[in-house]
Amino acid sequence: MAATPNPASESIVRQNKALLEQLPFTDTQDFDDATRGLVARREPNAVTDAEGTVVWDNDTYSFLQGDAPDTVNPSLWRQSRLAAIEGLFEVVPGVYQVRGLDLSNTSFIEGDEGVIVIDTLLTAETGAAALQLYRQHRGDRPVKAIIYTHSHADHFGGVKGFVSQQEVDDGAVRIFAPEGFIEHSVSENVYAGTAMNRRAAYMYGAALARGPQGAVGAGLGQTISTGVVSLIAPTDFITTTGHEETIDGVRMVFQMAPDTEAPSEMLVYFPDFKALCAAEDATHTFHNLLTLRGAVVRDPHGWAGYITETIDLFGGDAEVVFASHHWPVWGNERVREFLATQRDLYAYVHDQTLRLMNKGLNGPEIAEQITLPPALENAWSARGYYGSVSHNVKAIYQRYLGWFDGNPAHLWEHTPVEQSIRYVRFMGGADAVVDKARASYDEGDFRWVAQVLNHVVFAEPGHGAARELLADTYEQLGYGAENGTWRNFYLSGATELRDGQFGTPTETNAPDVLNQLTPAMLFDAIAIQIDGPSAWDEKLSLDVVLTDTGQTYRLTLANGVLTYSARPQPGAPEATLTATSKELPLLILGGLSADGITNSASQLSGDGSVLQRLVAVLDPGDKNFAIVTPEAP
């Protein structure tokens, strides 16, 4: 039975109330913008899959009304109320958005006969629901094109809710994406996908109850849907800024923005509508430079530079800017101000971090010292609901200087468990630490309590009092967090300490994504699963012959490393696997089993034990690994 949440402590109540006096809560422009142009709502707004399982239910956020309760930071409460506003909206005549059907938005640009869809939500079920809502009120227009603005799954995963693979293959629908889209969308979701998805469960609060003491939203949107992630490969890749296309009478001008919010990203301007799609580079929050689920650190300097270019290219004409999250901004003066605020936010935090870094401060020290200028501090669109000044500063430090802060004491530290055992021993034992932590808890020093009790739990995972007080502490930190993903992380940690691990509710490394892996990516995906020590003494060679492309790869396992080459190799392999490039992902993802090969058109010749020996040293990831407790031995 799940534990009953605690009320907010006095110190958190005071902290949250103080924020009401610090920020401009009387400014309601965002609420006007978020409701402007409403055409219709989807009622009820729950989406089910083919088996009837609910994969999205925005109605569970209906509690987001009125003033913030004590258990929610009032700034985050405001943001969550805005992000939960749902429906089909007219941005300008001919441009429509569906919001509140997933973490992201989908947009519709009407042409002479059909419609162009920008970003397709995360899953096919929510994508289909969005298209149905649009067609109910705007007619059964055929989809003429899809635009993926960037390589994150919540912008392409719902594509099969809009169009079929056959429609694309027949040439009825074109799909546009920025250069590098396939490589980045697939690799991010496969190579480190197991770890990212597990952490994403914390980040989006996927297992949390929704309510004032649970999940209220993730800042960028409410949460992620849990349906089927799909992918249809693009037909057209955009490579240069200024490239123009006209589809169904709709003129589009593209701006490349690689290595900003995503490694492969682009913005789109629609001159005839004077409408700018900012992708995910300008939203109503300080975005992540290093998302808490994990990723490669993003470049805030380049990000700011691309927004400057956006202003230069389109700022003179654009009358509305809309993005794939949140709500639009109307009027040329406000568009320019919004873009400039976003640009200055990324530039300021980047530049000041570098300034203080060069004075010898480390990441945590800089994060505590940096304060935004008043114009940014009081701009709602610059608040840290998804990214934050704190963790973005640390990301910038990591981008430039890496994990090591230069202090030799941090060069060769013990593992978390070994550190914790020693810390707890030095502090007088687990019971003594818990007693002292209770006093700090009562004083409201929750950051310190979390640090010391984390040591107790890692030293003695079964210490019930430590687990209970640490869960209570995470809960209070969640109640005070302005950042939606911080709140979700804290409350997810509390949940797992109390009720056990909840695994990975949503996975983005779905079959459609995996089927886009090139042979080289597939071999890399196998290589990172090799259990090195178990494979130290194993040696094998396997040729993979792809009959449809004429390619041959030699795979070699030696010294615990799987390598491959497409060049001709000396000597004969121990075995040869003959297949097509379409069959190869299915065979590999099916575990390279003999039955899989027998049931396909593939053939294995030579030493049949090669595949068995290879499979024997594979060690797939754990979708339910421990986060707030040590892994069981």
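This note sets out some points on the surface and the internal cavities of a predicted model.

1. On the surface, Trp403, Leu411 and Trp412 together make a nonpolar patch of about 520 Å². Of these residues, Trp403 is found in the loop that runs between helix 12, residues 389–401, and helix 13, residues 416–426. Trp403 has a relative accessible area of 65% and is therefore classed as exposed, since the class of exposed residues begins over 50%.

2. Turning to the interior, the count comes to five cavities of 30 Å³ or more by the rule used here. The second largest cavity holds about 130 Å³ of space, and 17 residues line this cavity. Ala83, Arg99, Gly100, Asn105 and His326 are the lining residues that lie nearest the centre of the second largest cavity.

3. What classes of residue make up the lining of the second largest cavity? By class, this lining has eight nonpolar and seven polar residues, together with two charged ones.

4. Ala18 has its place in helix 1, which covers residues 10–22. With a relative accessibility of 31%, Ala18 counts as partly exposed, because that class lies between the limit for buried residues, under 20%, and the limit for exposed residues, over 50%. Ala18 and Pro74 are 56 residues apart in sequence, while in space, taken from C-alpha to C-alpha, Ala18 and Pro74 are 9.7 Å apart.

Technical notes:
Residues numbered from 1 in each chain as written. Predicted model: local features only at pLDDT ≥ 70, side-chain atom pairs only at ≥ 80, totals over all residues. Heavy atoms only, no water. Patch = residues over 30% accessible without salt bridge, like charges linked within 9 Å, V, L, I, M, F, W, Y side chains within 5 Å. Areas by Shrake-Rupley, 256 points an atom, 1.4 Å probe, with all protein chains shown as cover. Salt bridge = Lys/Arg side-chain N within 4 Å of Asp/Glu carboxyl O. Helix = DSSP H or I, 4+ residues; strand = E, 2+ residues; numbered from the N terminus. Buried < 20%, exposed > 50% of the residue type's maximum accessible area, 1.4 Å probe, protein only. 1 Å grid on protein atoms, 1.4 Å probe; cavity = no way out; pocket = protein on both sides within 12 Å on 5 of 7 lines; lining within 4 Å. Points joined across faces, edges and corners; volume = space filled by probe spheres on them. Nonpolar A, V, L, I, M, F, W, Y, C, P; charged D, E, K, R; others polar.
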